[in-house]
Amino acid sequence: MAVKGDFPSPAYAGSPAGRQKAAWRLSRNGLGRGQWVAPREPQPFLFFVLNTPAILLLLVFVLYPIIYSFLLSLHQYNLRQPARFRFIGLDNYISILGSEQFWRAAQTTALFSVGSITLTIVLGTLLALLLNEVFPGRALLRAIILIPWAVPPVVNGLIWQWLLDGRYGLINAVLVGAGVLDEYRSWLTDVNTAMPALIVAQAWNHIPFVSLVVLAALQTVPDELYEAARMDGANVLQRFKAITLPWLSHSLLLVLITQTMVALRTFDIIYVLTGGGPGDSTTVLAWLTYVTTFNFADFGRGNAYAYLIALTTLALSIIYIRLLWKRGELAR
Amino acid sequence: MMSEHTRIIRTCGLMVAAAIFFLFMFTPVYWMVATSLMTEAEMLAVPPHFIPQAPTLRNYATIFGIGDPEFIAFAQNRAPAVFDIFPAMINSLTVGLCVAVANLLIASPAAYAFSRLNVRRSLPLLMVYLGSRMLPPIMLVVPMFLLMRNLGLIDTPLSLIAAYCILTVPFSIWLLQAYFKTMPVELEDSATIDGATRWQTMRYVILPLARPGLTCVAILAFMASWSEFLFAVVFTKTTASKTLPVVTASFVDTASIQFDYVMTAGVLTALPPFLLALIFQRYIVGGLAAGAVKG
């Protein structure tokens, strides 16, 4: 049973203070105020029992697919030619890494990821900074940004396809009406504009998430810091650089991680917005994997692609987690 | 400090910035809703009518099979997929609710174990959960498709429920364990001192206290399932299991322009997540903050 007090007093523990003290720990409650509590007995068996459903779920639907997927990637396995099923070792990987198609898709993925992540985080942070200020209409804007956040990616893609439509699209009408363009343009079938369109659509969907997370962090900045900086004569930009940005660095890093994962797995809006085209200008790796597997029924090669994406994601995750770890954010 | 003059300029500047963001964030949704209220002829007007001149709910009525039989027959001819929307809503609802319940049943015990049972070296397991969330779904979907095919579960809601549990449970555990850690242990201690058993503590102290966190987890799981597309498009073939995003996306395969129905289906697909986000705004924002900022 836990005995608690403000300090681990020998009177509470009833044994020599020195030996007992080591086992006491500082328990932090929700208020951020520490309290000294006696050690609790670890309960490994109950821990295991309570985790069993989740572990089973992982074993059946994650570990098994991962292993199975790897084994398939070592085979020639096309559903259209089941008779040709055979073990070919790393041939799928070798042929993929030697193909120009893969490197084009890797480039496209990098372009899409960097573009959409940058746009999302910059605009999302600006929006959070704005929402942190007091002005008429703030409550309305805060409610409005929940809409894009709740819009499913497929619907997001369809909305932008309709906005960008070459014959009836609203964006064409506005740009022509304002005199920016002379005639309606077909944004999504133009090699130069399909990718920017995709990036804007993606950003529109994900800016609210970034804003909400950054705003939550902004609201914890102590006013005293700004007051002190103001006393020292720091201007707005200096205060932003010296106080706001360092305070936000943790949230921004987490947002960067989540947005990287999101960008690398983006599939839905590509399906409805560009279908990987025109040509292969928006064929990212996730899309290439899907097409190879389910359109060309090439499960061996498809799984090899999937593995290459997973390895990329894993590499990035490790870099990010180490960054976090070094900063002591995850080590409890 | 600040003169009245600077203050006014500052407020005006903020409002201009807010207006720009408002236009960018709101116009696409407005245009979706406006188009869904237009007739086919008005939808194809050039330049577009920014405000529908004769707004009508006929597109919505058609989806639910209500209204002028002649118009319904015409719609059937023009866009047969329109009549898949209602069954798809039922499928999406079933899958979403099952996944939300499954999340609570699977994630809360695990999260409780992480936050309260003082087992050393439990962090690696937590990292495994986190890591499984980082796996790209495209990697899981191929072998899971073959697994589901072998189990005969393709084209059933069950295959989607299993897949969505994998996509949501790790995050739920992560979020809930961070949430449980913010709940004061002292209340449980006092209940135990008063003689409550572990189950009584669970039922009368922890569960009521954790309700905001649990609600948040259930809603996020529901929203994720409702919106998911990749697994849905691979696992479902007929109206027996097609979910709303799959049906909505199926409109773009056809050559003719049906954006009046596409946008109507889009509104119906986006409405439930939006309403949930609006109603449970505080829980969700708090949960995202706890999940993202603290953990």
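Colleague: Let's start with A:Gly89: where in chain A is its place?
Modeller: A:Gly89 sits in the loop between β5 (86–87) and α4 (91–97) of chain A. Do keep in mind that this is a predicted model.

Colleague: Why is A:Gly89 called buried?
Modeller: Its relative accessible area is 15%. The cut-off for buried is under 20%, so A:Gly89 qualifies. Leaving aside neighbours within four places in sequence, A:Gly89 is in contact with A:Ser73 and A:Leu74.

Colleague: And how do you know that B:Phe114 counts as buried?
Modeller: In the same way: B:Phe114 has 8% relative accessibility, and under 20% means buried, so the label fits. This residue belongs to helix α5 (residues 85–116) of chain B.

Colleague: Which residues is B:Phe114 in contact with, beyond its neighbours within four places in sequence?
Modeller: From chain A there are A:Phe47 and A:Asn51. From chain B, the partners include B:Leu125, B:Leu126, B:Tyr129 and B:Ile173. Contact here means heavy atoms within 4.5 Å. As for C-alpha positions, B:Phe114 and B:Ala178 are 9.1 Å apart in space, with their places 64 residues apart in sequence.

Colleague: What makes B:Asn118 partly exposed, while B:Asp155 is called buried?
Modeller: B:Asn118 has a relative accessible area of 26%. Partly exposed covers the range between under 20% and over 50%, so B:Asn118 falls there. B:Asp155 comes to 19%, which is under the 20% limit and therefore buried. B:Asn118 is in the loop between α5 and α6 (123–134) of chain B, and B:Asp155 is in the loop between α7 (137–151) and α8 (157–181) of that chain.

Colleague: What is the phi of each of these two residues?
Modeller: For B:Asn118, phi is near 55 degrees, and for B:Asp155 about 70 degrees. Both values are positive, and neither residue is a glycine. Most residues other than glycine have a negative phi, and most peptide bonds are trans.

Colleague: What is the peptide bond from B:Val46 to B:Pro47 like, cis or trans?
Modeller: That bond is cis, with omega near -10 degrees. B:Pro47 is found in the loop between α2 (40–43) and α3 (58–63) of chain B.

Colleague: Which residues touch the most other members of the largest nonpolar core?
Modeller: Among them are A:Tyr271, A:Tyr290, B:Ile173 and B:Phe251, in a core of 191 residues. Helix α10 (residues 191–218) of chain A gives the most to this core, with 16 residues. Nonpolar side chains in soluble globular proteins tend to be buried together.

Colleague: How many residues of each class line the second largest pocket?
Modeller: The lining has 15 nonpolar, four polar and eight charged residues. A:Leu129, A:Glu133, A:Arg230, A:Arg239 and B:Arg10 lie nearest the centre. Arg and Glu count as charged, and Leu as nonpolar. The pocket has a volume of about 1,200 Å³, and α1(B) gives the most to its lining, with seven residues.

Colleague: Last one: which elements of chain A have the lowest and the highest mean pLDDT?
Modeller: Helix α1 (residues 10–13) of chain A has the lowest, at 41, and α5(A) the highest, at 95. Over residues 1–22 of chain A the pLDDT is below 50. For chain A the mean pLDDT is 84, and 85% of its residues reach 70 or more.

Notes: Residues numbered from 1 in each chain as written. Chains lettered and ligands numbered in written order. Predicted model: local features only at pLDDT ≥ 70, side-chain atom pairs only at ≥ 80, totals over all residues. Heavy atoms only, no water. Core = buried A, V, L, I, M, F, W, Y, C linked by side-chain atoms within 4.5 Å. Buried < 20%, exposed > 50% of the residue type's maximum accessible area, 1.4 Å probe, protein only. Helix = DSSP H or I, 4+ residues; strand = E, 2+ residues; numbered from the N terminus. 1 Å grid on protein atoms, 1.4 Å probe; cavity = no way out; pocket = protein on both sides within 12 Å on 5 of 7 lines; lining within 4 Å. Points joined across faces, edges and corners; volume = space filled by probe spheres on them. pLDDT = per-residue confidence, 0-100.
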